[in-house]
Amino acid sequence: MPDGSVAEVKEALAAVGYLADESTALVSFLAQKLGKPVLVEGPAGVGKTELAKALSRATGRELVRLQCYEGLDEAKAMYEWNYRKQLLRIQAGGEAGWEDVQDDIFSNDFLLTRPLMQAIASSEPVVLLIDEIDKTDQEFEAMLLELLSDFQITIPELGQIAATTMPIVVLTSNDSRELTEALKRRCLYLWLDYPETEREMEIVRLHTPDLSETLARRLVEVIRMVRSLDLKKPPSIAESIDWARTLLLLGAEDIDQETFAQSMSIIVKHRTDIDLVAERVGVKLADPLRTES
Amino acid sequence: MPTPYGPKADAGPPGLAAKLLGFCEELRSEGVAVGTSEMLDAFAALSEVDWTSRADFREALAATIAKSQDDRRVFELIFERHFFRTAEAEAVQRGVTEHAEGGPPAGDGERFDMDELSEAIREAMAAGDEDAMRDLARLAIAAFGRAEGSGVVGVDVQRIRRTLGLTAGSQPPGEDGGERPPIDREQLTGFERHLRRELERDLIERTETLPPSRPLAELDRTLPTSPTQDLAAVHRAVSQMKRRLATLGHEQRGRRKGQFVDVRRTMRASLETGGVPLRLRYRPKRPRRPEIYVLCDVSTSVTSASVFFLSVLHALHDSFRKLRSFVFIERISEVTDVFEHERDFAAIAQRISSEGGVADVSGYTDYGRVWLEFLTEISDDLDPRSTVIVLGDARTNGREPHAEVFAQVAERAGRLFWLNPEPKLYWNYGDSVMAAYERYCDGAFECWTTKHLENFVNVVAGAAPAAE
């Protein structure tokens with residue numbers, strides 16, 4: 001990916017199917033230039049994870065992904081000693097002296113690399129995605145600090161392993177808990193929100209080129225209307241695209257009440273939400289005056 | 001350091017670095033934590049982007065300095081204000097004025113056609129063209145004429161807006177009978193902002209002084225919230241509380257103090273050592289299972305707060321299984337079932353108001369009676385492991401508070417907390433008898449925002465209260 005200017009980054013991202021807005025493009029640009037991790041926050045389904053994937057595609061780098069969950073520890077995130085292999089080595093060693101074996105079993109051969117280690121040790125530059133960091137506990141965040149600021153990992157038996165190439169690090173968070181100041185301080189911050197009408201239309205049309213423009217506009221308008229309701233899970237961008245594809249398959253000309261009722265389950269996925277949406281939006285669609293006023 | 005740009009229109013030391021430092025200083029004074037590392041990042045970022053693009057400049061600063069959405073909001077406000085003031089201060093000091101040649105701004109002289117201008121503004125607003133709006137705002141001010149101005153910026157903004165016939169919402173048809181598109185409220189606010197800015201600029205130029213900078217109004221800096229967002233925030237605070245309450249027991253598990261020897265298991269273990277009880281076995285400490293009773297006032301005096309309280313209840317029910325909730329006005333009524341069977345918040349609120357059966361005659365809260373009823377109904381179940389949380393304003397409407405009954409409740413329950421939707425200032429004024437109850441509580445907190453709720457959670461969990 002060319003990294004000469006913000007506009008070039010934006011183009012490169014668009015070329016791989018990710019329409020970034022100004023601030024997203026700028027932060028992606030800065031992330032490469034300054035070599036700092038990016039913390040992306042925002043509601044579910046606005047394309048946080050997709051941004052990391054797009055960056056990996058645009059830069060031609062491999063994507064290393066660490067999915068966070070409660071109880072994730074360093075053995076699963078960073079590295080682990082392959083103790084079975086170590087045992088085998090000790091047993092198979094036979095005559096070798098204690099000193100030799102001791103040095104030997106704590107070497108790279110016996111190390112199982114996990115995503116973070118993999119990203120650091122890779123000889124090619126990578127994009128490291130640490131997904132849903134807010135799902136882990138604060139201790140794990142603290143563990144990440146060394147990695148995020150110095151791009152290195154300390155293994156007591158081996159010493160420090162520093163990155164040879166500078167990875168692009170993207171952390172995502174659904175804002176389900178406040179992240180620590182220490183972590184935030186090391187990152188660039190990007191808040192992603194649902195896109196504006198025009199941009200969402202572009203996104204939808206990019207992924208379903210066969211959809212007519214009027215229908216796409218109508219679709220995005222309805223989606224926005226649904227999002228403005230008090231829902232358990234508002235429809236994400238991915239669901240807008242899915243819905244657009246569905247409409248295409250159904251061969252719909254316009255989104256009327258019937259089409260909406262048929263395909264609503266694509267964008268609304270809670271029983272209570274469905275009732276609410278059917279009540280509020282369905283009725284509006286029946287109205288010949290539409291929703292302009 | 002106070003802000004370097006006082007009323008004296010001091011431009012401060014030259015150079016961008018000093019200006020940025022001043023900006024960060026101002027952000028800090030508004031409570032945004034800007035560390036040295038953030039500032040270094042900001043400088044590094046600025047060396048990579050084009051300064052001539054205002055948007056890039058701002059985004060680069062925002063990405064490195066504002067690290068949460070709340071911070072971002074404050075950042076936007078301060079950014080607008082600070083750089084406007086800085087530029088003006090510089091202009092005043094160097095004696096730069098916009099019409100230095102003495103001529104009035106371009107286009108003056110002939111009277112403007114207000115309708116035409118109004119039309120142009122509508123178009124600019126519809127297109128969202130910031131630059132055009134700014135230019136048009138200046139034209140509007142010129143057309144309006146300085147002489148007619150009241151000198152108070154806010155008043156002038158509204159006068160100009162009315163003269164131009166701009167109102168938000170759908171528009172009456174134009175003179176030619178054609179239909180005109182509605183004006184978006186946001187866009188109109190945007191235009192007003194431009195007007196305000198230009199009027200301020202004008203004022204500064206005439207008086208050659210800057211008005212003193214004021215801290216941001218609390219209203220501006222808080223995010224505009226919708227009930228949905230609030231509900232989500234409440235859920236967040238409560239799930240945090242759940243985690244804290246759940247780990248509370250764990251901390252105590254490790255301590256030996258106050259543990260009881262389990263004789264049976266010690267004897268059993270002694271068999272290994274030939275009947276000599278070498279190793280003592282202790283009774284395992286059970287972690288505190290939060291058994292929670294929540295009493296929620298839903299009378300008219302707390303109407304505004306009760307939606308918030310009900311949402312707290314709603315969130316609590318999602319998190320705790322052993323939770324019994326009650327609503328009360330004159331009488332008390334258990335609503336645990338309602339919360340367990342109904343998932344939708346709106347439906348819950350409706351069911352509670354329709355079938356709670358808590359108002360008797362007058363509809364005024366009767367705390368004394370509520371305690372009596374609560375105690376008779378529930379006293380057998382209360383034990384030292386249970387936590388009672390009362391959500392109410394402690395306004396008895398002059399009735400007997402029965403503090404001694406409340407004391408009994410407090411004695412039986414392990415812990416008792418009171419969340420009051422009124423600011424502490426108002427406690428014990430009028431018919432509020434908070435003091436009578438407060439002495440028996442393990443803690444009494446003012447609570448009407450999610451921030452207060454979080455604070456409460458922190459205190460309950462034994463941490464220091466969050467800074468206000």
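# Exercises on a predicted two-chain model

In chain A, which has 293 residues, 35% are buried, where buried means that 20 or more other C-beta atoms lie within 10 Å of a residue's own, exposed means 12 or fewer, and partly exposed lies in between, with C-beta atoms placed from the backbone. The model is predicted, so that local features need pLDDT of at least 70 and side-chain atom pairs count only at pLDDT 80 or more, while totals for chains, interfaces and linings use all residues. Residues are numbered from 1 along each chain as its sequence is written, and chains are lettered from A and ligands numbered from 1 in the order in which they are written.

## Exercise 1: the two chains

Task: state how many helices and strands chain A and chain B have, and what share of the residues in chain B is buried.

Solution. Step one is to list the elements, which are DSSP runs numbered from the N terminus (helices are H or I with at least four residues, strands are E with at least two). Chain A has 14 helices and nine strands, and chain B has 18 helices and six strands. Step two is burial: in chain B, 30% of the 468 residues are buried. Step three turns to contacts, which join two residues if their C-beta atoms, placed from the backbone, lie within 7 Å. Of the contacts with a separation of 6 or more, residues 24 or more positions apart account for 74% in chain A and for 69% in chain B.

## Exercise 2: a sheet in chain A

Task: give the order of the five strands in the open sheet of chain A, and explain why one side of S2(A) and of S9(A) is left without a neighbour in the sheet.

Solution. Step one is the order, which reads S2-S5-S8-S1-S9 with parallel pairing; two strands pair if DSSP finds at least two bridges between them. Step two concerns the edges, where S2 (62-67) and S9 (188-191) of chain A each have a single partner strand, so one side of each has no neighbour in the sheet. The twist averages 20° from one strand to the next, with axes fitted as lines to C-alpha atoms, for helices over the stretch in contact, and angles running from 0 to 180 degrees between N-to-C directions.

Step three follows S1 (residues 38-41) of chain A, which runs parallel to S8 (residues 168-173) of chain A and is joined to S8(A) by four bridges; here Val40(A) has Thr172(A) as its bridge partner. S1(A) also pairs with S9(A) in the parallel sense over four bridges, and Leu39(A) stands opposite Tyr189(A) in S9(A). Val38(A) and Val40(A) point one way from S1(A), whereas Leu39(A) and Glu41(A) point the other way, and all are buried. Step four adds helix H3 (residues 48-59) of chain A, which lies across S1, S2, S5 (126-131) and S8 of chain A and runs at about 175° to S5(A).

## Exercise 3: the nonpolar cores

Task: name the residues that touch the most other members of the largest nonpolar core.

Solution. Step one is the meaning of a nonpolar core, a set of buried Ala, Val, Leu, Ile, Met, Phe, Trp, Tyr and Cys residues joined through C-beta atoms within 7 Å. Step two gives the names: among the 93 residues of the largest core, Val38(A), Val170(A), Leu188(A), Leu190(A) and Ala63(B) touch the most other members. Apart from this core lies another, of 53 residues, including Ile292(B), Val294(B), Phe374(B) and Ile389(B).

Step three looks at Phe374(B) in its helix, where Tyr367(B), Arg369(B), Val370(B), Trp371(B) and Ile378(B) of H15(B) are buried as well. What covers the buried residues of H15(B) includes strands S1 (291-297), S2 (323-328) and S3 (332-334) and helix H16 (403-412) of chain B.

## Exercise 4: a positive phi

Task: say where Phe151(A) lies, and whether Phe151(A) is buried or exposed.

Solution. Step one is the general background: most residues other than glycine have a negative phi. Step two is the angle, since phi of Phe151(A) is near 50°, a positive value in a residue other than glycine. Step three is the place, the loop between helix H8 (138-150) and strand S6 (152-155) of chain A. Step four is the count: Phe151(A) is buried because 20 other C-beta atoms lie within 10 Å.
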